[in-house]
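This report describes strand pairing, one bent helix and the nonpolar cores of a predicted model. The structure is shown below.

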Amino acid sequence: MSKREGCVAIDCEMVGIKGLFEEKSMLARVSLVDESGKVLLDTFVAPQERVINYRTAVSGVRAIDLQHAPDFKSVQKRVQELIQDKLLVGHSMNCDLEALKLDHPFEMQRDTAEYSPFFKYNRGRSPSLKKLASTLLGRSIQRGEHSSIEDARTVMEIYQRNKGEWERRLSRR
């Protein structure tokens, strides 16, 4: 296992692009926070393809946000540097990592959407981050446009509050 040097939470927002048969997602914003919730990175990402749906009602992303945004490769490189050798926490992180075209060692990932003890909050299925925030933190999030900073901080807090049991479960494998 890689040497662990801290913990970082990630959340991304996507916009819609034309797919072969249906709309596909493309990275538009990425936020990373540390264990204390301090923002390590929060940036929009210049589109690599023509955006057909900004999904503003959910993503909070507008055309103007992407106009002078840094290019995908530079954002990807910066994210890779910030998560290197770190425990990465997120909710449905596979979508974020796929959008960033990055890999991260599986044993260095903690995904609140995949943590089975949380399934009890959604009738045996993976709960939404909104549901987890309400149930575990007593907090209402995502009341309209999403904030990737708020979501990253929320997922970090959920992990921190459940870290002991989570890590015990993993050590028993």
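Two strands are taken to pair if DSSP finds at least two bridges between them. By that criterion, strand 2 and strand 3 (residues 39-44) pair: they run antiparallel and are joined by 5 bridges. Within this pairing, S31 has D42 of strand 3 as its bridge partner. On its other pairing, strand 2 meets strand 1 (residues 7-17), again in the antiparallel sense, over 10 bridges. Here I17 stands opposite K24 of strand 2.

Both pairings are hairpins, as set out in the table.

| Hairpin | Residues between the strands | Bridges |
|---|---|---|
| Strand 1 and strand 2 | 6 residues | 10 bridges |
| Strand 2 and strand 3 | 4 residues | 5 bridges |

In the turn between strand 2 and strand 3, G37 has a positive phi of about 90°.

How many of the residues of strand 2 are buried? Of the 11 residues of this strand (residues 24-34), 9 are buried, so strand 2 is largely enclosed by the rest of the structure. In a regular strand, side chains alternate between the two faces of the sheet.

Strand 2 also takes part in the largest nonpolar core, which has 20 residues; those that touch the most other members are I10, L27, V30, L32, V79 and L100. Strand 1, strand 2, helix 3 (72-83) and helix 4 (93-100) are the elements that give two or more residues to this core. Helix 3 gives the most, with 5 residues. The surroundings of L27 can be listed in detail: leaving aside residues up to four places away in sequence, L27 touches C12, E13, M14, V45, F72, A99 and L100. Apart from the largest core lies another, of 18 residues, including F118, L129, L137 and I141.

The remaining topic is helix 6. This helix (residues 148-171) spans only 30 Å between its end C-alpha atoms, whereas a straight helix of 24 residues would span 34 Å at 1.5 Å a residue. Helix 6 bends by about 70° at K163. Its buried residues are S148, I149, D151, A152, T154, V155, M156, I158, Y159, W166 and E167. The cover over these buried residues includes strand 1, strand 2 and strand 3, together with strand 5 (87-90), strand 6 (109-111) and helix 5 (129-137). Strand 2 thus appears in several settings: it pairs with strand 1, it pairs with strand 3, it gives residues to the largest core, and it is part of the cover of helix 6.

Definitions and conventions: Residues are numbered from 1 along each chain as its sequence is written. This is a predicted model: local features need pLDDT of at least 70, side-chain atom pairs count only at pLDDT 80 or more; totals for chains, interfaces and linings use all residues. Side-chain values use heavy atoms; hydrogens and water are left out. Buried means under 20% relative accessible area, exposed over 50%, partly exposed in between (1.4 Å probe, protein chains only). The expected span of a helix is 1.5 Å times one less than its number of residues. The bend at a residue is the angle between axes fitted to the seven residues ending there and the seven starting there. Contact means heavy atoms within 4.5 Å. A nonpolar core is a set of buried Ala, Val, Leu, Ile, Met, Phe, Trp, Tyr and Cys residues joined through side-chain atoms within 4.5 Å.
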